[in-house]
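Open the structure in your viewer and keep the selection tool ready. The stops below say what to select next and what is there.

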Amino acid sequence: MNVIRTIKLKLNVSSDAGNSLLKTMRDYTVAFNICSTWGFESRSVSKINCHNATYHNVRQSVPDLPSSLVQGARDVACEALKAVKCQFKPLRKEYSAMRYNSRVINVFLTSGYATIATSDGRIKATFGIPEYYRPYLTWKIKSSTISLRKNNSTFYLHCQVETDTPKIAAEQSVLGIDRGIVNIAVCSDNTFFNSRVVKNTRSQYAYLRAQLQSKGTRSAKRKLRKLSGRERRFVADVNHCISKQIVQKPFTIFALENLTKIRVQKRRGTGFNRKLNNWSFYQLEQFIRYKAENLGKQVVSVDARYTSQKCSVCGHVYKGNRNGSSFKCRKCGFEIHADLNASRNIARDGISDLGRSPVNRPIVACL
Ligand SMILES: [Zn+2]
């Protein structure tokens, strides 16, 4: 099973090399647009036909562009046309990102540099590796893209890297995770991730937001945008911390309730809170997934129905079993925190789910 990740590295280049990259981007765009125009006019997404029809013209228009990049631009143009079913002509901006294959770029992740073919010959670029990318240095590079952030003329290298997941330990143990509003996550091993800090911070943001919204001036709108970015990063940070702690627990499989069911449940909440909650639930799941996969562990989704009403000891399902945060089974008298009860049900469903499906079923890698 392969896991694929994309890492984004900031390139350090000399000003000459930077100019060469800019020229290459302009050339690449010319090549792309010739190909997409031909494809659009002849209603064709065939790479071979496009090559035969446009190669001569492209070579004359941008004689310095390395031929691998000519091919790359043509392939990307054909794929773009295919994606829009030739309904309109996809046009590139002058400095859009360029796809590079292994013939035109050599990336040395562990040494921190790359050599890149441009319209002015090969250039060298160096990059620092942030700490959180260290685990990926030994992975195999699948493809690379070079992009430009225009306002500060910084180039970025996006590398798609790939690895086989390590073998999962023979003995499988399942941890159930219940997500909620009061407790962000409750695990079936009795861990609670509730955060008063999160709640306080969120309500501060909500208060500020309401104030700014009632003002409605242009500067208030600008501040709102800033605020939402800051809040998003805060929630992402919390989700990173929680997911990291969860996947490091000594379990090989993590069971989460199916998210679509949560969405239905929480529909009663107020507008923005609801949206943010859904979004942060989803993000927590994404983070748990990719961090678990990196460790060769697995994540399964289970049906969320009845997880909060069912007794995790005797299996009795009754709505009145749950009262707010406390759970008391009307049949066997078992008492427990309601979210913990739910997480144990999720763990159990995760185990029975495994029994029905092949153990090493593929998990879709998230990019
Ligand atoms: Zn019971």
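Helices (H or I, at least four residues) and strands (E, at least two) are DSSP runs, numbered from the N terminus. The model is predicted: local features need pLDDT of at least 70, side-chain atom pairs count only at pLDDT 80 or more, and totals for chains, interfaces and linings use all residues. Residues are numbered from 1 along each chain as its sequence is written, and side-chain values use heavy atoms, with hydrogens and water left out.

**The whole chain**

Select the chain and colour it by secondary structure: eight helices and 15 strands appear. Of its 367 residues, 45% count as buried. Buried means under 20% relative accessible area, exposed over 50%, and partly exposed in between (1.4 Å probe, protein chains only).

**The cavity**

Where is empty space left? Rolling a probe the size of a water molecule over the atoms shows this. On a 1 Å grid over the protein atoms alone, a cavity is a set of points where a 1.4 Å probe fits but cannot get out; lining residues have an atom within 4 Å of a point. Grid points are joined across faces, edges and corners, and a volume is the space filled by probe spheres set on the points. The search of the whole structure finds one cavity of 30 Å³ or more, with a volume of about 30 Å³.

Now select Cys35, His51, Thr54, Tyr55, Val58, Val70, Gln71 and Arg74, which line this cavity. Helix 2 (47-61) and helix 3 (67-83) are the elements that give two or more residues to the lining. Helix 2 gives the most, with four residues.

**Cys35**

Stay on Cys35, which is buried at a relative accessible area of 2%. The whole structure has zero disulfides (pairs of cysteine sulfur atoms within 2.5 Å). For Cys35, the nearest cysteine sulfur is that of Cys50, 4.0 Å away. Go next to Cys159, also buried, at 0% relative accessibility.

**Two loop residues**

Most residues other than glycine have a negative phi. Select Lys85, in the loop between helix 3 and strand 2 (98-100). Lys85 is not a glycine, yet has a positive phi of about 50°. Is Lys85 buried or exposed? With a relative accessible area of 65%, Lys85 is exposed.

Finish at Tyr306, in the loop between strand 12 (298-302) and strand 13 (322-323). The phi of Tyr306 is positive too, near 65°. Tyr306 counts as partly exposed, at 48% relative accessibility.

Conventions
On a 1 Å grid over the protein atoms alone, a cavity is a set of points where a 1.4 Å probe fits but cannot get out, and a pocket is an open set with protein on both sides within 12 Å along at least five of seven lines; lining residues have an atom within 4 Å of a point.
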